[in-house]
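Student: I should like to learn how to read the features of a protein model. May we go through one together?

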Amino acid sequence: GRSTRSLGVLFASVCALCVAPCLAGAWAAKPILELWIGRAEVVQSGAPVLRWILVAMAMNGVYSVAHLLMIKQDYFGRLAALNALILLTQVVFLLVWGQQLDLLAGAGSWLICGGLQMIAGMVFMIHYLFAQRPARLPHA
């Protein structure tokens, strides 16, 4: 059966162990790179890239619970369609903006992936949790 309590615990765990650390890392991207690498030119160009990738990872974390439920529900066609949409969107983005954005283009591609996953996951979860459910017929 559907246990909203279990989903809530899982989602809270993902937020605590993935989403919050990623967002904290995104907020502190520059000091993290200063400690990690220390070279000013790398910190300057790398901080926005690290920030965007960490935000994308946080969005992926939000999506992860819905992804697990989609697998459990055997929605492999929907998952394949979502992945195809993400890939197409990323290719177009990189073709249009890749030269201009340079290193940031790769991070932008991650943001597109994370954003589309998070939106799809939220739509799925709203439907999963709040849609009218057909009455169950007793087994004979």
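Tutor: We begin just after H3, where Asp74 takes a positive phi of about 60°. Helices (H or I, at least four residues) are DSSP runs, numbered from the N terminus. The model is predicted, local features need pLDDT of at least 70, side-chain atom pairs count only at pLDDT 80 or more, and totals for chains, interfaces and linings use all residues. Residues are numbered from 1 along each chain as its sequence is written, and side-chain values use heavy atoms, with hydrogens and water left out.

Student: Where does H3 bend?

Tutor: The bend at a residue is the angle between axes fitted to the seven residues ending there and the seven starting there. H3 bends by about 40° at Gly46, and Pro48 follows within four residues.

Student: Which helix gives the most to the largest nonpolar core?

Tutor: A nonpolar core is a set of buried (under 20% relative accessible area, 1.4 Å probe, protein chains only) Ala, Val, Leu, Ile, Met, Phe, Trp, Tyr and Cys residues joined through side-chain atoms within 4.5 Å. Here the largest has 23 residues, and Leu7 and Phe124 are among those with the most contacts inside it. H3 gives the most to this core, with 10 residues.

Student: Which residues does Leu7 touch?

Tutor: Contact means heavy atoms within 4.5 Å. Leaving aside residues up to four places away in sequence, Leu7 touches Val65, Leu69, Met125, Tyr128 and Leu129.

Notes:
Buried means under 20% relative accessible area, exposed over 50%, partly exposed in between (1.4 Å probe, protein chains only). Helices (H or I, at least four residues) and strands (E, at least two) are DSSP runs, numbered from the N terminus.
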